[in-house]
Amino acid sequence: MRNMFAARGIRRALALALVSVTTMLTIGMASSPAHAWNPANDGWYKCQIDGVWMWCKGL
């Protein structure tokens, strides 16, 4: 009986660790720097449309 409780505790701890790692990786990837790619290098330029600044590309 005692081994059953120990095994359940170990499984819960491993599951919690896995969920924690997955959560941290997901948040880390979702919040990575938005400026890693510079649009100006690919022919994009800043333009203002209806008072809002956006990235535009002349086709």
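How many helices and strands does the chain have? The chain contains 1 helix and 2 strands. The model in the viewer is a predicted one, and the stops below follow its elements.

**Whole chain.** Begin with the entire chain selected and coloured by secondary structure. Read from the N terminus, the order of elements is α-β-β. Of the 59 residues in the chain, 5% are buried. A surface representation at this stage shows an accessible area of about 5,500 Å²; carbon and sulfur atoms account for 67% of that area.

**Helix α1.** Next, select residues 2–30, which constitute helix α1. Within the helix, display the side chain of Val 21. Is Val 21 buried, partly exposed or exposed? Its relative accessibility is 41%, so Val 21 is classed as partly exposed. Now add Met 24 and Leu 25 to the selection: together with Val 21 they make a nonpolar surface patch of about 310 Å².

**Loop between α1 and β1.** Proceed to Pro 39, located in the loop that links α1 and β1. Pro 39 is buried, because its relative accessible area of 9% falls under the 20% limit. Which residues does Pro 39 touch, leaving aside those up to four places away in sequence? The contacts are with Trp 44 and Trp 55. A distance label may also be drawn from Pro 39 to Lys 57: their C-alpha atoms are 9.4 Å apart, with a separation of 18 residues along the chain.

**The strand pair.** Select residues 44–49 for strand β1 and residues 52–57 for strand β2. The two strands run antiparallel and are joined by 6 bridges. To inspect one pairing, pick Cys 47, whose bridge partner in β2 is Met 54.

**The disulfide.** Keep Cys 47 selected and add Cys 56. A disulfide is a covalent bond that links the sulfur atoms of two cysteines. The sulfur atoms of Cys 47 and Cys 56 lie 1.6 Å apart, and the two residues form a disulfide. The count for the model is 1 disulfide. Both Cys 47 and Cys 56 are buried.

**The turn.** Strands β1 and β2 form a hairpin, with 2 residues between them. Centre the view on Asp 50, which is placed in the loop between β1 and β2. What is notable about the backbone of Asp 50, given that it is not a glycine? Its phi is positive, at about 55 degrees. With a relative accessible area of 78%, over the 50% limit, Asp 50 is therefore exposed.

**After β2.** The last selection is Gly 58, found in the segment that follows β2. Gly 58 counts as exposed because its relative accessibility is 57%. How far apart are Gly 58 and Trp 44 in space, C-alpha to C-alpha? The distance is 7.6 Å, for residues 14 apart in sequence. Trp 44 has appeared before on this tour, as one of the residues that Pro 39 touches.

Definitions and conventions: Residues are numbered from 1 along each chain as its sequence is written. This is a predicted model: local features need pLDDT of at least 70, side-chain atom pairs count only at pLDDT 80 or more; totals for chains, interfaces and linings use all residues. Side-chain values use heavy atoms; hydrogens and water are left out. Patches are made of residues with over 30% relative accessible area and no salt bridge: like charges are joined within 9 Å, nonpolar side chains (Val, Leu, Ile, Met, Phe, Trp, Tyr) within 5 Å. Accessible areas come from the Shrake-Rupley method with a 1.4 Å probe; for residues, only the protein chains shown count as cover. A salt bridge is a side-chain nitrogen of Lys or Arg within 4 Å of a carboxyl oxygen of Asp or Glu. Helices (H or I, at least four residues) and strands (E, at least two) are DSSP runs, numbered from the N terminus. Buried means under 20% relative accessible area, exposed over 50%, partly exposed in between (1.4 Å probe, protein chains only). A disulfide is a pair of cysteine sulfur atoms within 2.5 Å. Two strands pair if DSSP finds at least two bridges between them. Contact means heavy atoms within 4.5 Å.
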